[in-house]
Amino acid sequence: MTPTVIIACPDYAEKTVHKRMTDLLEPLGGMGRFIMQGERVLLKPNMLSASPPERCVTTHPEVVRAAARLVLDSGGIPFIGDSPGLDGFRSVAERTGMEQVAQELSIEIRELDCPVPLTMAAGSVFQKVFVSSHAVEADKIINLPKLKTHAQMMLTLGVKNLFGTVVRKAKAEWHYNVGLHRDTFSDLHLDIAKSLAPALTILDGIDGMEGHGPGNGKPRHFGLLAASCDPLDLDFRICTMLGADLHSFPLYRSALRRNLHPDLKKPAEGDFPADFAFENVDIPKLDSLHLLPSFLDGFGKRFFTSRPVQDRNKCVRCGKCASICPADAMKLDENGIIAIDYEKCIRCYCCQEVCPVDAISFSKGLVLRALDFLKI
Ligand code: SF4
Ligand code: SF4
């Protein structure tokens, strides 16, 4: 038996999601297999920004509600938590519908703050990573990612969702320190996921996002829920179903290099056809710096990567892009016009991620356009 189950779920009606999530967990032994009486259980949805559920930026509140109810039924004490990148936690909780779920079920919802050192799993590449104490101190974690594309890392699914336990500004610092090297950044995500070791990952793939994810892509109906004891196994199966090339997925390359890749030969459990592939999913095409040795990063950044550009007609002058920029490469003048210092810019895509109106796009330079033209 594989650790992953994938089933169909047509919509977010409360009863439907609860029934289908119960069905989803049955082959894995049910929620009761993972949660003991009295355990404090962190439900970790994707709460990237203060966006309503229909934008598909965040995990749908009905998925969080169903998971919380199953934990309660198993005798656990669930609480909802995340550390949004930029928007205030209370406004994120309210806009995403999480606050309402917490109130209706009388459970706690809290910001994942108070960074503490994470005890790193054996074989980790990174030895010093700080995450929220609320994640470390929870008896169990149930990871509740959203199915989304990601302009920098191709996809954000189970493993990447746990990077959300890194507290606020520290995320931007990691982007600054390792974000230019996608495979190293994936190593970090992998280390955090292995070290936090969530009891269960349940993916909200009913409506997901394609294109300019994780913040500004297009919603797309996929009609699935997936669960796994191993978020890596889940991520790679979903990557394949989306028609994306596994070897282009930085997380897969990291897992392969570290001999952590799961055996994907056996089909996943569940009623979703094992060989099903979605057609024409808009998956971001990643620029590559890996063609060059690291001492040529500056050269590679200039000629082989796309660079951020602002659409002044769309911009609403909120300043979020300049606030999040980990390289301090953006300056917003009093007219709302952004000046970008491309020498400082590390191409981390944070500005695109937080822009509420999709006013930042990444423009390919001459060399990349030529490579595209030659289909290299
Ligand atoms: S300008 Fe955008 S892509 Fe460049 S470092 Fe700043 S946030 Fe990252
Ligand atoms: S580009 Fe986007 S994030 Fe930056 S100021 Fe304009 S609207 Fe805000």
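In the predicted model, ligand 1 is surrounded by 13 residues, of which C325, C345, I346, C348 and C351 come nearest. This shell is made up of twelve nonpolar residues, no polar ones and one charged residue. Ligand 2 likewise has 13 residues around it, and those that come nearest are C315, C318, G319, C321 and C355. Its shell divides into ten nonpolar, two polar and one charged residue.

The second largest pocket was examined next. Its volume is about 410 Å³. The lining consists of 28 residues, and L48, S83, G85, K171 and E353 are those that lie nearest the centre of the pocket. By class, eleven of the lining residues are nonpolar, nine are polar and eight are charged.

Several elements of secondary structure take part in this lining. At least two residues each are supplied by the strands β2 (40-45) and β8 (146-150) and by the helices α6 (158-161), α7 (169-178), α12 (320-324) and α13 (350-354). Among these, α7 gives the most, with four residues. The pocket lies between domain 1 (4-257) and domain 2 (294-374), because both domains give residues to its lining.

Aromatic contacts were searched for over the whole structure, and nine aromatic pairs were found. In one of them, F272 and F276 are arranged edge-to-face, with a distance of 5.3 Å centre to centre and an angle of 80° between the planes. F272 has a relative accessible area of 11% and is therefore buried, the cut-off for this class being under 20%. F276, at 33% relative accessibility, counts as partly exposed, since this value falls in between the limits of 20% and 50%.

F276 also pairs with F278. This second pair is again edge-to-face, at 4.9 Å centre to centre and with 75° between the planes. F278 counts as buried, because its relative accessibility is 12%. F276 thus takes part in both the pair with F272 and the pair with F278. Together with F222, the residues F272, F276 and F278 form one aromatic cluster. Within this cluster, F272 and F278 are buried, whereas F276 is partly exposed.

Key. Residues numbered from 1 in each chain as written. Chains lettered and ligands numbered in written order. Predicted model: local features only at pLDDT ≥ 70, side-chain atom pairs only at ≥ 80, totals over all residues. Heavy atoms only, no water. Near = heavy atom within 4 Å. Nonpolar A, V, L, I, M, F, W, Y, C, P; charged D, E, K, R; others polar. 1 Å grid on protein atoms, 1.4 Å probe; cavity = no way out; pocket = protein on both sides within 12 Å on 5 of 7 lines; lining within 4 Å. Points joined across faces, edges and corners; volume = space filled by probe spheres on them. Domains from an automatic or database assignment. Phe/Tyr/Trp six-rings, centres within 6.5 Å; stacked < 30°, edge-to-face > 60°. Buried < 20%, exposed > 50% of the residue type's maximum accessible area, 1.4 Å probe, protein only.
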